Amino acid sequence: MTRVRGDMKSQNLCRAPVERERTPRSAYNWVFFAAVALVAAWLAGCVTAARPAKYYQLTVPTDVAAVEKTDVVPVRLLVGGLITSHLYREDRIVFGNGPEQLGTYEYQRWAEPPTEMIQEVLLRELRATGHYRAVHVRRSNVPGDFAIRGHLYDFKELDGGPPSTRVTLELEMRDLQTGATVWNHYYTHDEPASGKDVPDIVAALDKNVQRGVKEIVESLDQYFASHPAK
């Protein structure tokens with residue numbers, strides 16, 4: 001029995017150093033992984049802080065109350081959305097020179113998708129003219145006489161040459177009583193930019209849209225002048 005106890009003590013003495021080594025090694029591993037996690041979080045924070053996203057928007061005409069008038073063209077216009085590619089339904093600013101290859105800026109974005117911004121500019125510009133009884137966004141519960149809709153083909157920076165932008169869109173108007181398309185207008189224009197920085201490109205796109213919308217509004221005025229509404 002004494003020998004057995006002696007063996008057990010010997011085993012315990014041999015085992016004790018091994019057990020004492022485990023605690024410092026585990027603590028070292030924990031500290032190491034914690035330090036790696038902190039460094040990774042710090043680097044991620046630095047990257048985020050260094051590249052904040054910037055947002056831009058188009059100039060929208062002063063809002064005009066959507067009230068019906070009596071001494072104007074007696075029609076109610078409904079402005080619908082624009083059909084376009086997925087690039088212009090998102091918020092990233094697009095660049096490219098042709099339909100084959102397009103790119104987007106990662107940290108330079110629109111406050112809203114281009115289709116929604118252009119629709120809002122057209123809506124407000126038509127209201128601001130004061131030429132029509134009412135102008136509304138097209139919804140299922142809003143009555144109207146004519147519906148305007150269209151396609152947005154280009155809304156981008158042109159690269160590979162002097163800084164410029166291209167806006168291409170086509171609109172049509174349908175008589176809601178007959179279902180016939182009675183008017184359409186195609187607009188495309190390359191507007192030079194004052195520089196290559198993104199704010200310069202945004203300013204050129206804004207100018208291009210304002211020019212296109214004014215041209216569309218004038219074309220609509222001419223249509224109703226030559227086709228008096230009854």
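**Exercise 1. The surroundings of Glu172**

Task: In this predicted model, find which residues Glu172 is in contact with, leaving aside its neighbours within four places in sequence, and decide whether Glu172 is buried, partly exposed or exposed.

Solution: Begin with the contacts, which for Glu172 are Ala147, Ile148, Arg149, Thr181, Trp183 and Asn184 once the neighbours within four places in sequence have been left aside. Next, place the residue in its element: Glu172 belongs to strand E7, which covers residues 164–175. Then take one partner from the list, Asn184, and compare the two kinds of separation, for Glu172 and Asn184 are 12 residues apart along the chain, while their C-alpha atoms are separated by 4.0 Å. Finally, consider the accessibility: the relative accessible area of Glu172 is 25%, and because buried means under 20% and exposed means over 50%, Glu172 counts as partly exposed.

**Exercise 2. A second strand residue, Thr104**

Task: Determine in which strand Thr104 lies, and which residues it is in contact with beyond its neighbours within four places in sequence.

Solution: The first step is to locate Thr104, which lies in strand E4, made up of residues 102–110. The second step is to list its contacts, again without the neighbours within four places in sequence, and this gives Leu87, Arg92, Ile93, Val94 and Phe95. For one of these, Ile93, the C-alpha to C-alpha distance from Thr104 is 5.5 Å, although 11 residues separate the two in sequence. The last step concerns the surface, where Thr104, at 30% relative accessibility, counts as partly exposed.

**Exercise 3. Thr62 and Lys207**

Task: For Thr62, state whether the residue is buried or exposed, and do likewise for Lys207.

Solution: Start with Thr62, which sits in the loop between strand E1 (54–56) and strand E2 (73–83). Its relative accessible area is 66%, so Thr62 is exposed. In space, Thr62 and Arg124 are 7.2 Å apart from C-alpha to C-alpha, whereas in sequence they are 62 residues apart. Turning to Lys207, we find this residue in helix H3, and with a relative accessibility of 52% Lys207 counts as exposed. The C-alpha atoms of Lys207 and Glu191 are separated by 7.6 Å, with their positions 16 residues apart along the chain.

**Exercise 4. How H2 packs with H3**

Task: Work out whether helices H2 and H3 are parallel, antiparallel, perpendicular or oblique to each other, and which residues meet where they pack.

Solution: First read off the geometry: helix H2 (residues 114–129) and helix H3 (residues 198–226) pack at an angle of about 45 degrees, and their axes are 10 Å apart. Angles under 35 degrees count as roughly parallel and those from 65 to 115 as roughly perpendicular, so H2 and H3 are oblique to each other. The crossing of H2 past H3 is right-handed. Next, name the residues, with H2 contributing Ile118, Val121, Leu122, Glu125, Leu126 and Thr129, which meet Val209, Gln210, Val213, Lys214, Ile216, Val217 and Leu220 in H3. Sorted by class, this contact consists of nine nonpolar, two polar and two charged residues.

**Exercise 5. The whole protein**

Task: Describe the order of helices and strands along the sequence, and say what share of the residues counts as buried.

Solution: Counting the elements gives three helices and eight strands, and reading along the sequence gives the pattern α-β-β-β-β-α-β-β-β-β-α. Of the 230 residues, 35% count as buried. The protein exposes about 14,300 Å², of which carbon and sulfur atoms supply 54%. Lastly, among contacts with a separation of 6 or more, 69% are between residues 24 or more positions apart.

Note on methods:
Residues are numbered from 1 along each chain as its sequence is written. This is a predicted model: local features need pLDDT of at least 70, side-chain atom pairs count only at pLDDT 80 or more; totals for chains, interfaces and linings use all residues. Side-chain values use heavy atoms; hydrogens and water are left out. Helices (H or I, at least four residues) and strands (E, at least two) are DSSP runs, numbered from the N terminus. Buried means under 20% relative accessible area, exposed over 50%, partly exposed in between (1.4 Å probe, protein chains only). Contact means heavy atoms within 4.5 Å. Accessible areas come from the Shrake-Rupley method with a 1.4 Å probe; for residues, only the protein chains shown count as cover. Axes are lines fitted to C-alpha atoms, for helices over the stretch in contact, and angles run from 0 to 180 degrees between N-to-C directions. Angles under 35 degrees count as roughly parallel, over 145 as roughly antiparallel, 65 to 115 as roughly perpendicular and the rest as oblique. A crossing is left-handed if the near helix is turned anticlockwise from the far one by less than a right angle, and right-handed if clockwise. Ala, Val, Leu, Ile, Met, Phe, Trp, Tyr, Cys and Pro count as nonpolar, Asp, Glu, Lys and Arg as charged, and the others, Gly among them, as polar.
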